[in-house]
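Trainee: I would like to go through this model and ask what stands behind each label.
Mentor: Go ahead, and we will set each value against its definition.

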Amino acid sequence: MSSQGNKVVVIGGGIQGCATAFFLAKRGQKVTLIEKDRIGRHASGVNAGGVRRLGRNILEIPLSLAAMDIWQNLYQEIGEYAEDFHPCFYLKVAVDEAGRELGLMRAANLREAGFTHEVWVEDDVIQTRLPHLSIPTHGGLIVEGDGWATPWRIVQGFANAAKKNGAKIIEDCYVNSLTQSQGLWQIQTLKGLFEAGTVVNCAGAWAADIARSADDYIFPLESFAPMLVVTERRPKILPAVMGVLSHTLSLKQLENGQFVIGGGVRSKANHLINQSDVSLQKLSSSIKLAAKLFSEIGNAQVIRCWSGIEGYMPDELPIIGRGRRNGLFHGFGFSAHGFQLGPGVGEALADLVMGQQPRVSLEAFRPDRFIN
Ligand SMILES: Cc1cc2nc3c(=O)[nH]c(=O)nc-3n(C[C@H](O)[C@H](O)[C@H](O)COP(=O)(O)OP(=O)(O)OC[C@H]3O[C@@H](n4cnc5c(N)ncnc54)[C@H](O)[C@@H]3O)c2cc1C
């Protein structure tokens with residue numbers, strides 16, 4: 001094999017690609033990260049910044065806990081950028097009996113599976129922790145230490161830390177095709193040909209196209225556009241990130257007093273032309289629910305809304321692992337909850353590339369799970 005054989009090319013400069021490049025570079029690997037636009041330009045830079053273990057698919061919890069270990073020690077990895085992570089507590093309240101039943105059942109299931117991070121609390125505790133709440137609740141699930149981060153700063157932090165450790169980062173560089181010849185990957189881009197022994201596909205909503213070009217698996221990845229709104233600044237009343245059991249809502253208040261409201265609501269996206277839509281009608285249901293929780297939000301003017309392009313898998317679990325072709329690895333399909341996982345995914349992909357055992361099982365995320 002030529003000297004290119006031990007080089008790694010990471011495709012995609014979102015949180016997954018930047019964290020992967022960082023962990024590889026930190027361990028002395030020769031890494032080049034190639035991004036078609038700018039670092040953090042897509043979902044990773046425009047998301048709600050929710051850093052939550054709360055409410056995850058049970059199969060995803062070990063990876064989420066591993067990622068949280070890194071979040072909790074982020075300063076030693078990405079330096080001052082880590083100041084843009086704000087741990088507080090994450091609370092999903094029940095606003096009716098159906099929500100209460102769901103939450104209690106989840107708490108019991110998690111306890112049985114040996115997870116203790118989500119704790120059921122009754123309304124008296126919730127009212128004490130959130131004195132500005134406008135309604136009584138039927139209890140809720142809380143995770144201490146979950147919180148929120150300024151997403152683009154964290155992505156930039158990983159990119160900078162990767163560079164400091166010797167990684168090359170090339171922006172405005174579209175990868176056109178990926179072919180393999182004599183054990184080497186040939187990566188054709190707008191800025192010329194790159195060669196590497198290993199490629200890590202972290203191309204977000206575009207990743208199935210990269211896989212197809214490499215003659216790897218055909219992935220059932222679909223693009224949608226999760227949406228958010230931000231309000232004008234209001235007095236500080238919300239010290240937590242919040243959701244509502246059996247509803248899709250994510251709600252937080254930034255340090256400057258602005259509320260950020262979104263959640264599971266999503267609109268249409270066309271990744272081929274870098275375009276995502278916003279549906280004000282769908283967003284209004286999230287805003288109404290947030291205003292029901294805190295009447296202060298009903299008084300706040302919405303000043304901006306946006307969406308980002310996200311890749312969804314049919315089971316809403318990511319693809320993380322080795323592809324069909326030798327020297328090709330995948331990390332994509334995060335289905336609107338991949339920001340918190342990012343540092344854990346980066347570490348796990350670096351482990352796989354280097355032939356080491358990741359600290360948690362990636363079995364649930366096997367790339368071949370949709371292949372008959
Ligand atoms: C509005 C919104 C709110 C969200 N809220 C949260 C939240 O609160 N918490 C949470 O955990 N998650 C959240 N998410 C989900 C989270 O943002 C994503 O799961 C995560 O950022 C995906 O990261 P990624 O690196 O896989 O993808 P991306 O950030 O999309 O990065 C992929 C990159 O690959 C590049 N690329 C693609 N094709 C090529 C090519 N051919 N050549 C070169 N480069 C290429 C793209 O330009 C892109 O920059 C939210 C998402 C959105 C949109």
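**Strands, sheets and the ligand shell**

Mentor: Start with a pair of strands: β1 (residues 7–11) and β11 (residues 198–201) run parallel and are joined by 4 bridges. Keep in mind that this is a predicted model.

Trainee: What makes β1 and β11 a pair?
Mentor: Pairing requires at least two bridges between the strands. β1 and β11 have 4 bridges, so they meet the definition of a pair. Within this pair, I11 stands opposite N201 of β11.

Trainee: Which sheet holds β1 and β11, and in what order do its strands come?
Mentor: The sheet is open and has 6 strands, in the order β7-β2-β1-β11-β20-β19, and its pairing is mixed.

Trainee: Why are β7 and β19 called edge strands?
Mentor: β7 (168–170) and β19 (319–322) each pair on one side only. From strand to strand, the twist in this sheet averages 15°.

Trainee: How do you know that β19 and β20 are paired, and in which sense do they run?
Mentor: The cut-off is at least two bridges. β19 and β20 (residues 328–332) have 4 bridges and run antiparallel, so they count as paired. One bridge joins G321 to its partner H330 in β20. The hairpin of β19 and β20 has 5 residues between the strands, and there G327 takes a positive phi near 80°.

Trainee: What is the strand order in the sheet of 3 strands, and what is its pairing?
Mentor: That open sheet runs β8-β9-β10, with antiparallel pairing. β8 (175–181) and β10 (192–196) each have a single partner strand, so one side of each has no neighbour in the sheet, and they stand at the edges. The twist averages 20° from one strand to the next.

Trainee: What makes β8 and β9 partners?
Mentor: β8 and β9 (residues 184–189) run antiparallel and are joined by 6 bridges. At least two are required, so β8 and β9 qualify as a pair. T179 stands opposite Q186 in β9.

Trainee: Now the ligand. How many residues surround the ligand, and which are the closest?
Mentor: There are 37 residues around the ligand, and E35, S44, G50, V175 and E310 are the closest. By class, 18 of the shell residues are nonpolar, 14 are polar and 5 are charged.

Trainee: Which elements supply the shell around the ligand?
Mentor: α1 (15–26), α2 (43–46) and β12 (222–233) each give at least two residues. The largest share, 3 residues, comes from α2.

Trainee: Why is the ligand said to lie between domain 1 and domain 2?
Mentor: Domain 1 (3–49 + 152–219 + 315–370) and domain 2 (87–145 + 222–312) both contribute residues to the shell, so the ligand lies between them.

Trainee: What makes the approach of K36 to the ligand a polar contact?
Mentor: A polar backbone atom of K36 is 2.9 Å from a nitrogen atom of the ligand. The cut-off for N or O atoms is 3.5 Å, so this pair counts. A polar backbone atom of Q16 is 3.2 Å from an oxygen atom of the ligand. For H337, a backbone N or O atom lies 3.4 Å from a ligand oxygen atom. Taken alone, the ligand exposes 1000 Å², of which the protein buries 96%.

Definitions and conventions: Residues numbered from 1 in each chain as written. Predicted model: local features only at pLDDT ≥ 70, side-chain atom pairs only at ≥ 80, totals over all residues. Heavy atoms only, no water. Near = heavy atom within 4 Å. Polar contact = N/O pair within 3.5 Å; in protein donor to acceptor, adjacent residues only side chain to side chain. Areas by Shrake-Rupley, 256 points an atom, 1.4 Å probe, with all protein chains shown as cover. Nonpolar A, V, L, I, M, F, W, Y, C, P; charged D, E, K, R; others polar. Domains from an automatic or database assignment. Axes fitted to C-alpha atoms, helices over the stretch in contact; angles between N-to-C directions.
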